Amino acid sequence: MASITLEGVTKVYPNGFEAVHGLDLHISDGEFMVVVGPSGCGKTSVLRMIAGLEDITAGTIRVGDQVVNDVAPRDRDIAMVFQSYALYPQMTVAQNIGFALRMKKMPKHEIEQRVKEAAAVLGISDWLDRKPTQLSGGQRQRVAMGRAIVREPSAFLMDEPLSNLDAKLRVQMRAEVARVQKRIGVATLYVTHDQIEAMTLGHRVAVLRDGVLQQCDTPQALYDHPTNVFVAGFIGSPAMNLFEAGISAEFGSLSLGSQRIALSSDAIRRHPGLRRYGGKEVVVGIRPEDLHASSGGSFTSVITGEVELVEALGAELLVHFSTDARVVQSASSERTSGEEEPRMPASGSTADCVARIEPGHPVRTGDQFKFSVSPDRFEFFDPTSGVAILD
């Protein structure tokens with residue numbers, strides 16, 4: 001059992017591309033850490049450097065108290081589960097699971113015992129005599145996990161292990177992965193581009209963008225208090241709505257296009273830094289579930305939008321709508337060389353806003369629909385840097 005620590009880790013490839021920049025990250029013994037980000041953000045490079053499959057350009061990697069920068073992959077006591085199952089088709093499940101132990105010349109009785117124990121943890125004891133071709137995708141992934149578990153490593157690395165499975169099986173296997181990790185209790189680094197996987201699996205989640213760590217916190221803290229516009233737009237499904245807005249000089253209201261929303265004293269207390277933005281522009285973030293079908297109630301502010309699309313999902317309606325407020329689009333994964341600070345995404349069209357409301361409301365495409373909002377639930381960001389406005 002061991003922790004994993006990265007200090008100022010940087011990876012620059014021979015062509016000059018900087019995949020990871022000055023990454024500091026600590027995964028405690030027994031912790032399930034998920035690294036998430038869009039394609040090309042450097043998350044797999046991070047995992048491969050920890051495994052020893054990629055050399056680091058700068059920084060230090062520790063497994064427990066040992067610096068492993070120059071330690072061969074086989075000597076790092078780390079097990080890795082890949083996106084592809086990489087099972088030997090001519091071997092049985094038991095032979096696949098025990099393969100690494102046979103390479104270490106372990107006694108046969110010890111190999112059999114470890115294979116049985118790993119199979120019991122994963123619930124695959126009845127499959128030990130089968131060949132991989134006789135198994136489903138989910139079953140093969142369990143075997144691949146068994147091959148890692150049987151080594152009893154100090155830490156686990158998982159590189160998008162569920163991405164080849166269908167949607168229903170991914171949900172089942174997420175629960176299986178979490179159960180197994182909790183039972184074996186070793187530091188685990190799990191890489192994915194799927195933020196739903198990240199939010200449901202991770203004790204903590206590290207969000208990467210262009211090789212730079214944007215925020216590392218618990219899933220709920222990421223959702224409730226994103227540190228910048230990128231994290232706000234990346235975490236959450238549907239994503240947070242991000243609008244260009246203006247704060248009135250006396251801090252009494254917020255303008256979204258031609259619409260005005262009363263700005264409560266509670267909102268100012270939660271974001272005291274807003275006092276620097278009187279009479280200026282900000283970016284406002286509103287979660288889809290904080291837009292309610294207007295019915296009078298206790299809400300004092302309303303946003304009116306033209307309905308573009310209604311998705312009826314049974315337990316909820318996702319209402320896509322447009323207003324005349326400018327929407328901040330999701331960020332591109334491209335960056336200029338050496339950039340460290342989060343960049344503001346470009347302003348876009350007036351569409352692509354989403355509200356999550358209860359089913360049963362009579363809403364149709366083309367309607368002018370009113371959404372009640374509470375400014376106490378808003379998040380505010382600087383329009384230049386994209387950083388959250390707090391103190």
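**Exercise 1. Find how strand 11 and strand 14 are joined, and which residue faces Glu 244**.

Start with the ranges: strand 11 covers residues 241-247 and strand 14 covers residues 281-286. (Strands are DSSP runs of E with at least two residues, helices are runs of H or I with at least four residues, and both are numbered from the N terminus.) Six bridges join the two strands, which run antiparallel. That counts as pairing, since two strands pair if DSSP finds at least two bridges between them. Now look across from Glu 244: you'll find Val 283 in strand 14.

Before you go on, note that this is a predicted model, where local features need pLDDT of at least 70, side-chain atom pairs count only at pLDDT 80 or more, and totals for chains, interfaces and linings use all residues. Residues are numbered from 1 along each chain as its sequence is written, and side-chain values use heavy atoms, with hydrogens and water left out.

**Exercise 2. Put the five-stranded open sheet in order and name its edge strands**.

Step one is the order, 13-12-11-14-20, with antiparallel pairing. Step two is the edges: strand 13 (259-262) and strand 20 (379-381) each pair on one side only. Step three is the twist, which averages 40 degrees from one strand to the next.

**Exercise 3. Do the same for the six-stranded open sheet, then find helices that pack on it**.

This sheet runs 6-7-8-3-9-10 and its pairing is mixed. Its edge strands are strand 6 (78-81) and strand 10 (212-217). For a parallel pair, take strand 7 (residues 155-159) and strand 8 (residues 187-192), joined by five bridges. There, Phe 156 stands opposite Thr 188.

Next, the helices. Helix 1 (residues 43-51) touches strands 3, 6, 7, 8 and 9, and its direction makes about 145 degrees with that of strand 8. (Contact means heavy atoms within 4.5 Å; axes are lines fitted to C-alpha atoms, for helices over the stretch in contact, and angles run from 0 to 180 degrees between N-to-C directions.) Helix 5 (residues 137-149) touches strand 6 and strand 7, making about 170 degrees with strand 6.

**Exercise 4. Is helix 1 mostly covered or mostly open**?

Count the buried residues: seven of its nine are, so it's mostly covered. (Buried means under 20% relative accessible area, exposed over 50%, partly exposed in between, with a 1.4 Å probe and protein chains only.) Among them are Val 46, Leu 47 and Ile 50. Right after the helix comes Gly 52, with a positive phi near 90 degrees.

**Exercise 5. Describe how helix 4 meets helix 6**.

The axes of helix 4 and helix 6 (residues 167-184) come within 10 Å and cross at roughly 130 degrees. That makes helix 4 oblique to helix 6. (Under 35 degrees is roughly parallel, over 145 roughly antiparallel, 65 to 115 roughly perpendicular, and the rest oblique.) On the helix 4 side sit Ala 120, Val 121 and Leu 122, and they meet Glu 176, Arg 179, Val 180 and Arg 183 in helix 6.

**Exercise 6. Explore the largest nonpolar core**.

It has 47 residues, and those touching the most other members include Ile 97, Met 145 and Tyr 190. (A nonpolar core is a set of buried Ala, Val, Leu, Ile, Met, Phe, Trp, Tyr and Cys residues joined through side-chain atoms within 4.5 Å.) Helix 4 (residues 108-122) gives the most, with six residues. Apart from this core lies another, of 34 residues, including Phe 321.
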